[in-house]
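Here is a friendly walk through one model, heading by heading. Please keep the viewer open as you read.

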There are 2 protein chains.
Amino acid sequence: MNSHDTHPGGPDLAALAALLADATRAGFCLALLDGRAWTAIELARHAGVAASTATGHLNRLVGSGLLTQERQGRHRYVRLADPDTAELIEKLASMAPRRADPPRSLPAVNRSRALARARTCYDHLAGALGVAITEAMTDRGMLDWEQGLALTGDGTAWLAELGIALPPATRRPPVRSCLDWTERRPHLAGAVGAALCRHAFDAGWITRIGTSRAVALTDAGKHALTDRLGPAAVET
Amino acid sequence: MNSHDTHPGGPDLAALAALLADATRAGFCLALLDGRAWTAIELARHAGVAASTATGHLNRLVGSGLLTQERQGRHRYVRLADPDTAELIEKLASMAPRRADPPRSLPAVNRSRALARARTCYDHLAGALGVAITEAMTDRGMLDWEQGLALTGDGTAWLAELGIALPPATRRPPVRSCLDWTERRPHLAGAVGAALCRHAFDAGWITRIGTSRAVALTDAGKHALTDRLGPAAVET
DNA sequence: GCGATCCTTCGGCCGCTGCCGAAGCGTCCG
DNA sequence: CGGACGCTTCGGCAGCGGCCGAAGGATCGC
């Protein structure tokens, strides 16, 4: 008996894990966790590898269904295939050991601070801001953590006031908890988390900082969140 | 810039994934997903590798915190470190591609059937039985899937009747959904799922089939479940 | 004590896979 | 049209990591 014929028909865990077991491919996936589409060369530069190397990795990731691609002219855009994939990568990231040396240079420190303050995590909000919003919603009785995370009637009403309708029931859970890398506390994910994040962009509460995944809270956003969730939601 | 110094301080996804990216180590983890402790040599035989090879793999898995070990005399018992780890492996398994060839030999077919009918999945019930129980509980209003999975008042009362108190609030969610490999539908996991499974063993509703992770529903179990959840819960 | 069993360490083999650079193709823009 | 740019294919190199068997230590049962 060889490991190859153990449990035929069962899940090939090793094949899936191997896709993420390479530092370059893992770096791609973590970068793509911002929910946006990246071009091949952007990812290559981000990871510090040659374009030809990136091509090979992207072929594997797309071929296995972890990423989807879209060709536009001479560009190859890739993104995470679906929220399920994002959730898998989040879970791995939350359990993975930290990398060694903390950043030293001043710009690097600033970049880290901005990311810790507020960023997108796939399609929802993370960082101190994401956690603060989640906790403020909990304090105001919009989220119930007692028997698994659930949105209360108050929560539904609050969303409706913002003009956010409950997303139609699909396989994706409306609310889900996602462990924050920097805060080590949960923030709101799932379909509602995504809708809330989209609303925050649309309403001008937050804007991207340059082209990074970090976001900045605007003055309008500060006012809106203080009005609707109290001052604790913006104390980052 | 090299992938090694990208995002220092961030999660080292590749390191964690690499632990599961080997067929032998992945086989160990899937076997341990039955929630029991295995000896080194049991795992080695299960995966079809030499004892010395297994030692090396176990050292890595234990050293990285995925498994915990207990020495008893000449035996080395290992088990999954915690429910969080089990959840990670479940998630990977549910998204991984299936292995190629379906089993052929008659005993292999019987083994597969038994596993598909009812088995333990870490510390809760899976297979057709696990799914049927979960769906019966849903039909009777004990579980609410509307806003994330939650246990209702009826559910709490039903558990109390069985003598199962709600587990004290810890970081582990009371109810959680776990995607079933064979059924491709969710079954009940989390602290309540674990307590229910333990009760089923204690009350003699189910027993292990030999030393495998498959379980058999006893006559007493059939009666008890029909009484408490209706006939649908035992129609596998 | 003695053999059987479980586990561990060590050395050596081998195959997989990630990396790059060079060359070439298609697309975009001036 | 021509140059710049994004991407791809190919060949070759190098290192990591999994595998085994042999030998040895520890424990158990007789």
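## Ground rules

A residue is called buried when its relative accessible area is under 20%, exposed when over 50%, and partly exposed in between, using a 1.4 Å probe and protein chains only. This is a predicted model, in which local features need pLDDT of at least 70, side-chain atom pairs count only at pLDDT 80 or more, and totals for chains, interfaces and linings use all residues. Residues are numbered from 1 along each chain as its sequence is written, chains are lettered from A and ligands numbered from 1 in the order in which they are written, and side-chain values use heavy atoms, with hydrogens and water left out.

## A threonine inside chain B

Let us begin with Thr134(B), which sits in helix α7 (residues 127-139) of chain B; helices here are DSSP runs of H or I with at least four residues, strands are E runs of at least two, and both are numbered from the N terminus. Thr134(B) is buried, at a relative accessible area of 3%. What does the side chain of Thr134(B) reach at 2.9 Å? The partner is the backbone nitrogen of Leu188(B), a polar contact, that is, a pair of N or O atoms within 3.5 Å; within protein, one must be able to donate a hydrogen and the other to accept it, and residues adjacent in sequence count only if both atoms are side-chain atoms.

Setting aside neighbours within four places in sequence, Thr134(B) is in contact (heavy atoms within 4.5 Å) with Leu143(B), Trp145(B), Pro186(B), His187(B) and Leu188(B).

## Helix α9 of chain B

Helix α9 of chain B covers residues 190-202, and its 13 residues reach 18 Å from first C-alpha to last, close to the 18 Å expected at 1.5 Å a residue. That expected span is 1.5 Å times one less than the number of residues in the helix.

α9(B) is mostly covered, with 10 of its 13 residues buried; among them are Val192(B), Leu196(B), Cys197(B) and His199(B). Just after α9(B) comes Gly204(B), with a positive phi of about 75°.

## Two residues with positive phi

Most residues other than glycine have a negative phi. Tyr122(A) has a positive phi, near 55°, and belongs to the loop between β4 (119-121) and β5 (124-126) of chain A. Tyr122(A) is buried, with a relative accessible area of 14%.

In chain B, Arg184(B) is not a glycine either, and its phi is positive at about 60°. Arg184(B) is found in the loop between β8 (176-179) and β9 (186-189) of chain B. Arg184(B) is partly exposed, with a relative accessible area of 46%.

## The domains of chain A

Chain A is assigned domain 1 (12-82) and domain 2 (106-234), with bounds from an automatic or database domain assignment. The C-alpha centres of these domains of chain A are 26 Å apart. Their contact takes 7 residues from domain 1 of chain A and 8 residues from domain 2 of chain A.

## Around DNA strand D

Which residues come nearest to DNA strand D? Of the 21 around it, they are Ile41(A), Arg71(A), Thr24(B), Thr53(B) and His57(B); a residue is near a strand or molecule if one of its heavy atoms lies within 4 Å of it. Of the strand D atoms within 4 Å of the protein, 76% belong to sugar or phosphate and the rest to bases. Phosphate oxygens of strand D lie 2.4 Å from a polar side-chain atom of His57(B), 2.8 Å from one of Arg25(B) and 3.0 Å from a side-chain N or O atom of Arg60(B).

α4(B) gives the largest share of this surface near strand D, 4 residues.

## Around DNA strand C

Of the 21 residues around DNA strand C, Thr24(A), Thr53(A), His57(A), Ile41(B) and Arg71(B) come nearest. Sugar and phosphate account for 75% of the strand C atoms within 4 Å of the protein. A base oxygen of strand C lies 2.8 Å from a polar side-chain atom of Arg74(B), while a backbone N or O atom of Ala50(A) is 3.0 Å from a phosphate oxygen of strand C.

The top contributor to the surface near strand C is α4(A), with 4 residues.
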